[in-house]
Structures are given as structure tokens and as C-alpha cells.
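Student: Could we go through this model together? I'd like to see how its labels are earned.

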Amino acid sequence: MMYIIMGGFTTLVNIVSFWLCNDILGINYVVSNTVAWILSVIFAYVTNKRFVFDSYTPTWRDRVREATSFFGFRFLTYLVDIAVMILLISGLGIAPLWAKIWTNIIVLILNYIFSKWIIFKIRN
């Protein structure tokens, strides 16, 4: 349940920051998407670690491994994100904000799978 709540807030950070960059500031959608990704991934790491998966990393090495894994898998979903955005906007002519909203559904599912089963996996 917390993943849905925090994922909703992360999605909100992503969409609002994309909208601000693209629609308000007039920045190209690829750059706007990248800025939105950076902001939302930082937000997601903190909230997922603390509130969703209650991840305990006792050593500095564990923290580095977890953060590297988190940001690495998020980068993979960023590549999916940007590819789908390009397809929807440049290929199909969908408005950037709508493309961003639809793309977030795909990314949210992939991020959950990576977080639940790989990044924040409970280790004994």
C-alpha cells in the first residue's frame, strides 16, 4: 500500500516537474523528461528506502550497493521512459503531457518489480 502512495507522490513529482519544464519554461520534452527523471528518482529513493521497503543498510558498503542498484535500475526504466516518450510524441503526435502520463504507468510497474524483487529485497 505504501508503494502505491509513495509511487503516487513520485509520479506527481515527475509529471509536475515535466510540465513546469516543458509547458511553462518551454524546454524541449527530452530535456524536460530528464530533469523530471532526476528529481523524481531522488525523491523515490528516499521514500522507497524509508517508508516503503524499510530498508536497513548497516554498512557503508551496503548503502552504496543499494543506491547503485536503485539508480542503475531506475536508469534502465529512464531509457524505456524516453523511448516511449519519443515514440508517442514524435512518432504518434501525442501531446507531451499526455505522453508523460501514459509513460509513467509503464515505468511505475517496472520500477516496482525492480525495487521489490531486486533492489530492496530482504536479505537474511
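Tutor: Sure, starting with Ile5, which sits in helix 1 (helices are DSSP runs of H or I, at least four residues, numbered from the N terminus). This is a predicted model, where local features need pLDDT of at least 70 and side-chain atom pairs count only at pLDDT 80 or more, while totals for chains, interfaces and linings use all residues. Residues are numbered from 1 along each chain as its sequence is written, and side-chain values use heavy atoms, without hydrogens and water.

Student: Why is Ile5 called partly exposed?

Tutor: Buried means under 20% relative accessible area and exposed over 50%, with partly exposed in between (1.4 Å probe, protein chains only). Ile5 has 35%, so partly exposed is the label.

Student: What makes Ile5 part of a nonpolar patch on the surface?

Tutor: Patch residues have over 30% relative accessible area and no salt bridge, and nonpolar side chains are joined within 5 Å. Ile5 is at 35%, so that area cut-off is passed. Its partners include Met1, Phe9, Trp19 and Phe51, and the patch has about 1200 Å² of accessible area together. Helix 1 (residues 2–24) gives the largest share, nine residues.

Student: Which helix has the highest mean pLDDT, and which the lowest?

Tutor: pLDDT is the predictor's confidence in each residue, from 0 to 100. Helix 1 has the highest mean, 91, and helix 4 (residues 96–119) the lowest, 84. The protein averages 86, with 89% of the residues at 70 or above.

Key: Patch = residues over 30% accessible without salt bridge, like charges linked within 9 Å, V, L, I, M, F, W, Y side chains within 5 Å. Areas by Shrake-Rupley, 256 points an atom, 1.4 Å probe, with all protein chains shown as cover. Salt bridge = Lys/Arg side-chain N within 4 Å of Asp/Glu carboxyl O. Helix = DSSP H or I, 4+ residues; strand = E, 2+ residues; numbered from the N terminus.
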